[in-house]
Amino acid sequence: MKALVYFTVIIGLVPVQSVLLSHLSVWGVRPDLGFVAVCLIGLIAGELDGLLVGLALGWAMSLFSGQDLISSAILKGAVGYIAGLAGQQVVYLSPVVLVMGLLVVSCVVGLVTPLALTLSSQQDLWWAAWTVVLPQACLDAVIGGAIYWLLWSRLNIEQVMSESRM
Amino acid sequence: MRMVNLRVSYNARRIALGLAVILVLGFLLLPGQLQSVFQSIGSPLGWVISWPLQAVAGIHDRIADTWGRYVALQGVEEENQQLKRELDLIKEQNGQLREASAATERLSALLEFKRQALPTSVAAQVIGRDIGNWYKTIILNKGASDGIQSDQGVITPAGVVGRIVKTTASTAVVLLVTDPNNAIAGLIQRTRDEGIVEGTTQGQARLKYIPLLSNARPGDHVVTSGLVGGFPRGIPIGTIIRIDKEEEALFQSAELSPEVDPNRVEDVLVIRSLPLPTEGERLGVPKPKP
């Protein structure tokens, strides 16, 4: 059942990200729903689920993007794994703390990505930080926070986290 | 709501984690090989994902179409008056056009020749945009099963759109001409000076490596030079809007306004590569009779 949920997330996220999110872009920057999903899965279901879903989602998303498979899959896998490890250390996680966490992690991943991609000389780190990384991190944090708040307000999230990690 | 719990034993966890670590190490040690393997394995996955992708794109197009028609109705009265005025003007022009049609018939023979000289192409629709923010790409609804391969050129009747960089069985990813990571061999139509067209971070394009002695100026048209694969010679790329000449530089460069607005493109043609002609075929040497 869990595998089916993850498969649906992977299959569903690609069309949403590539077709619908272009309307939600701010200054031409779109949130990365894959990053948000992998963070939440890692946080709620544990580091192994986060890692495997991150690798699979990164692979699937790279098929429909100019980004190469390695950077996409490894970065998302690493994010899922780290989110899982972080989830083990916390007993109570409020949406505000999650938003701050997503903001920081998205910034770090965003700054690592241009180094991994070896982009054009025009796209230096300074350009990347101001035009892509920071706006995307803000959007990721807001969307991730909103989804977590929905889950948090409707479910006993601590119980779900402890059950799914067993 | 309770999440269904799939209990995984400690050993299975360790094995899965070990496999994931081996995979990641493999990616780092053999990037090229593993990337091509996973790209090939990913083709069926891409085919599966292309179904919801095309469904979402179809629904999106219908909603956009309905919305557009509704908005268009708001100004229909004013548009009707304007159309009546234009009709009177068009009636007058019609007589002149009849004369021109005779000339068109003569020219159509020449156009037919041009059409035959162009390589074969595949029509495709744009069904999505790049998933990330690092590249400017579009996703097409045709892929490897339609004969589309990496490095093939993508055009519209207006000009160059970009170049295929990735394919699955039923989709293809096009790196747009406005992406800074793209490079297309270009030619200034008036001066015949060659250069390389790259995208810019501002969503425009730039022709680099123009000789210093070139007298290129704003308004000149840049077309494909046909020197590098993907595009035949003469497809419009853009119009020069500014020339940049730096002190002590070996070359000058020019900022271009692309002929095609990549954000509005909906239907494209993918130029399928033809087998390169042999030296004999190029020079028109007659084939030996059997």
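Where is B:Gln35 found? I looked it up in the predicted model and placed B:Gln35 in helix H2 of chain B.

**Entry 1: B:Gln35**

I listed the contacts of B:Gln35, leaving out residues up to four places away in sequence. B:Gln35 touches A:Asp68, A:Leu69 and A:Ile70. I also checked the distance from B:Gln35 to B:Asn11. The two are 24 residues apart in sequence, and their C-alpha atoms lie 29 Å apart in space.

**Entry 2: the interface of chain B and chain A**

I went on to the interface. Chain B and chain A each bring 53 residues to the contact. The area buried between chain B and chain A comes to about 5000 Å². Carbon and sulfur atoms give 67% of that area. I noted which three residues contribute most on the chain B side: B:Ile131, B:Asn133 and B:Trp134 supply 19% of the area that chain B buries against chain A, more than any other three residues.

I then looked for charged pairs and polar pairs across the interface. I found zero salt bridges between chain B and chain A. Polar contacts do occur there, in 13 residue pairs with both residues at pLDDT 80 or more.

Which elements of chain B each supply at least two residues of the side that touches chain A? I wrote down helix H1 (10-29), helix H2 (31-74), strand E1 (121-129), strand E2 (137-140) and strand E7 (194-199). H2(B) gives the largest share of that side, with 16 residues. I sorted the side of chain B that touches chain A by class and got 29 nonpolar, 17 polar and seven charged residues.

**Entry 3: helix H2 of chain A**

I turned to helix H2 of chain A, residues 33-45. H2(A) has 13 residues and reaches 17 Å from its first C-alpha to its last, close to the 18 Å expected at 1.5 Å a residue. Why is H2(A) largely enclosed by the rest of the structure? I counted 13 of its 13 residues as buried, so H2(A) is largely enclosed.

I checked both ends of H2(A). At the N-terminal end A:Asp32 acts as the cap, with a side-chain oxygen 3.1 Å from the backbone nitrogen of A:Gly34. Just after H2(A), A:Gly46 takes a positive phi of about 110°.

**Entry 4: A:Asp32 and A:Lys76**

I stayed with A:Asp32 and looked for a charged partner. The side chain of A:Asp32 meets that of A:Lys76 in a salt bridge, at 3.2 Å from N to O. A:Lys76 lies in helix H4 (residues 69-89) of chain A, and A:Asp32 lies in the loop between helix H1 (2-20) and H2 of chain A, so the pair ties together parts that are 44 residues apart in sequence. I find both A:Lys76 and A:Asp32 buried.

**Entry 5: salt bridges of chain B**

I counted 10 salt bridges over all chains of the structure. I then went through two of those in chain B. B:Arg242 and B:Glu255 meet through their side chains in a salt bridge at 3.0 Å, N to O. B:Arg242 lies in strand E10 (residues 236-244) and B:Glu255 in strand E11 (residues 251-258) of chain B, so the pair ties together parts that are 13 residues apart in sequence. Accessibility splits this pair: B:Arg242 counts as partly exposed at 41%, whereas B:Glu255 is buried at 15%.

I took B:Asp261 and B:Arg264 next, and their side chains meet in a salt bridge at 3.2 Å, N to O. B:Asp261 counts as partly exposed, at 36% relative accessibility, while B:Arg264 is exposed, at 67%. I also traced salt bridges that share partners, and these join B:Arg206, B:Arg242, B:Asp244 and B:Glu255 into one network.

**Entry 6: B:Asp220**

Is B:Asp220 buried or exposed? I read a relative accessible area of 6%, so B:Asp220 is buried. I placed B:Asp220 in the loop between strand E8 (205-211) and strand E9 (221-224) of chain B. The side chain of B:Asp220 reaches the backbone nitrogen of B:Arg217 at 3.0 Å. Leaving aside neighbours within four places in sequence, I list contacts of B:Asp220 with B:Ile188, B:Arg190, B:Thr191, B:Gly238, B:Thr239 and B:Ile240.

**Entry 7: chain B overall**

I closed with totals for chain B. The secondary structure comes to four helices and 12 strands. Of the 290 residues of chain B, 36% count as buried. Among contacts in chain B between residues at least 6 apart in sequence, I noted that 56% join residues at least 24 apart.

Terms used
Residues are numbered from 1 along each chain as its sequence is written. Chains are lettered from A and ligands numbered from 1 in the order in which they are written. This is a predicted model: local features need pLDDT of at least 70, side-chain atom pairs count only at pLDDT 80 or more; totals for chains, interfaces and linings use all residues. Side-chain values use heavy atoms; hydrogens and water are left out. Contact means heavy atoms within 4.5 Å. Buried area is the accessible area (1.4 Å probe) that two parts lose on being put together, summed over both. A salt bridge is a side-chain nitrogen of Lys or Arg within 4 Å of a carboxyl oxygen of Asp or Glu. A polar contact is a pair of N or O atoms within 3.5 Å; within protein, one must be able to donate a hydrogen and the other to accept it, and residues adjacent in sequence count only if both atoms are side-chain atoms. Ala, Val, Leu, Ile, Met, Phe, Trp, Tyr, Cys and Pro count as nonpolar, Asp, Glu, Lys and Arg as charged, and the others, Gly among them, as polar. The expected span of a helix is 1.5 Å times one less than its number of residues. Buried means under 20% relative accessible area, exposed over 50%, partly exposed in between (1.4 Å probe, protein chains only).
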